[in-house]
Amino acid sequence: MASSLGLSALCVMALGLAGRQGGAYSVASGAALSAPALADDAADVVPDYLAVIYDAFGRTEEAEIYDTLAQVAGGEALVTLYLERMGAMAGVDYEPDQTVFEMEMLDLDARETDGGVWMDATWHVMGIVGHGGHSHVRDNTYAAELEMTPTDGAWRITRFSLTDAERVTADAGGASGL
């Protein structure tokens with residue numbers, strides 16, 4: 001099981017996938033999609049929502065972080081994700097530089113619940129994280145349990161629990177980057 005340190009690692013890793021959210025299930029799609037249809041199409045939905053979360057984690061202003069997360073998360077998940085991001089930034093006196101090159105769903109199980117959809121998801125993220133004049137390649141795999149429910153007129157992630165975080169590879173980095 002991953003601890004909050006695992007979610008913090010997810011926060012620090014990466015970001016910049018906001019452009020990916022242009023899919024059929026972007027935030028604007030609202031709650032018109034039925035729970036059975038959402039469960040059937042989860043492989044298209046989850047990457048779009050994760051892209052927005054990564055975008056939020058790439059921001060440094062509290063209001064921007066919260067507002068971006070609120071596009072795709074609500075309730076318990078919004079609080080959890082926001083507090084983890086703020087915790088990852090605590091004591092940091094530099095602007096992190098993060099770029100995601102690739103995000104791929106590895107496994108996804110979705111099932112309809114009363115009023116929502118419960119999902120077990122595993123995904124891979126690869127990118128570069130830079131700070132303090134040097135950068136590191138991050139090649140990580142994450143697993144999480146999440147639930148999506150209609151909230152404020154749209155599907156939102158209302159429960160999010162990171163269950164595993166594994167660093168697949170990392171370089172030594174250096175002042176010049178890779």
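This report walks through the fold, the aromatic pairs, one helix packing and a few individual residues of a predicted model.

## The overall layout

Let's start with the big picture. The chain contains five helices and four strands. Reading from the N terminus, the order is α-α-α-α-α-β-β-β-β, so the helices are listed before the strands.

How much of the chain is buried? Of its 178 residues, 46% are. The accessible surface adds up to about 8200 Å², and carbon and sulfur atoms hold 49% of that. As for contacts, take those with a separation of 6 or more: 63% of them link residues 24 or more positions apart.

## Two aromatic pairs

Searching the whole structure turns up two aromatic pairs. One of them is Tyr66 with Tyr82, an edge-to-face pair with 5.5 Å from centre to centre and 85 degrees between the planes. Tyr66 belongs to helix H4 (residues 62–70) and Tyr82 to helix H5 (residues 75–89), so this pair ties together parts that sit 16 residues apart in sequence. The two partners differ in their cover: Tyr66 is partly exposed, at a relative accessible area of 39%, while Tyr82 is buried, at 16%.

Trp123 and Tyr142 also pair up. Their ring centres are 5.9 Å apart and the planes meet at 35 degrees, so the pair counts as tilted. Which elements does it join? Trp123 is in strand E2 (residues 116–131) and Tyr142 in strand E3 (residues 134–151), so the pair ties together parts 19 residues apart in sequence. Trp123 and Tyr142 are both buried.

## How H3 and H4 pack

Now back to the helices. H4 has Ile65, Thr68 and Leu69 as its buried residues. Why do they end up on the same side of H4? They span an arc of only 100 degrees around the axis, so they share one side of the helix. There is a simple rule behind such spacing: an α-helix has 3.6 residues a turn, so residues three or four places apart point the same way.

Helix H3 (residues 42–57) is a partner for H4: the two axes come within 8 Å and cross at roughly 175 degrees. Angles over 145 degrees count as roughly antiparallel, which is how H3 and H4 run relative to each other. On the H3 side, the contact is made by Val52, Ile53, Asp55, Ala56 and Phe57. On the H4 side, Ile65, Thr68 and Leu69 make it, and these are the buried residues of H4 noted above.

## Around strands E1 and E2

Leu108 is a residue of strand E1 (residues 97–113), and at 24% relative accessibility it counts as partly exposed. What does Leu108 touch, once neighbours within four places in sequence are set aside? Its contacts are Ala42, Ala43, Val46, Met119, Asp120 and Ala121. Leu108 can also be placed relative to Trp123 of the tilted pair: they are 15 residues apart along the chain, with 8.6 Å between their C-alpha atoms.

Over in strand E2 there is His124. With 12% relative accessibility, His124 counts as buried. Leaving out neighbours within four places, His124 contacts Glu102, Met103, Glu104 and Leu106, and also Asp139, Asn140 and Thr141. Leu106 lies 18 residues away from His124 in sequence, yet the C-alpha to C-alpha distance is 6.8 Å.

Met126 is another residue of strand E2. Met126 is partly exposed, with a relative accessible area of 27%. Met126 and Val137 are eleven residues apart in sequence, and 7.4 Å separates their C-alpha atoms.

## An unusual phi at Asp152

One backbone angle deserves a look. Most residues other than glycine have a negative phi. Asp152 is not a glycine, but its phi is positive, at about 55 degrees.

Where does Asp152 sit? Its place is in the loop between E3 and strand E4 (154–170). Is Asp152 buried or exposed? It counts as exposed, at 73% relative accessibility.

Key. Residues numbered from 1 in each chain as written. Predicted model: local features only at pLDDT ≥ 70, side-chain atom pairs only at ≥ 80, totals over all residues. Heavy atoms only, no water. Helix = DSSP H or I, 4+ residues; strand = E, 2+ residues; numbered from the N terminus. Buried < 20%, exposed > 50% of the residue type's maximum accessible area, 1.4 Å probe, protein only. Contact = heavy atoms within 4.5 Å. Areas by Shrake-Rupley, 256 points an atom, 1.4 Å probe, with all protein chains shown as cover. Phe/Tyr/Trp six-rings, centres within 6.5 Å; stacked < 30°, edge-to-face > 60°. Arc of directions from axis to C-beta. Axes fitted to C-alpha atoms, helices over the stretch in contact; angles between N-to-C directions. Parallel < 35°, antiparallel > 145°, perpendicular 65-115°, else oblique.
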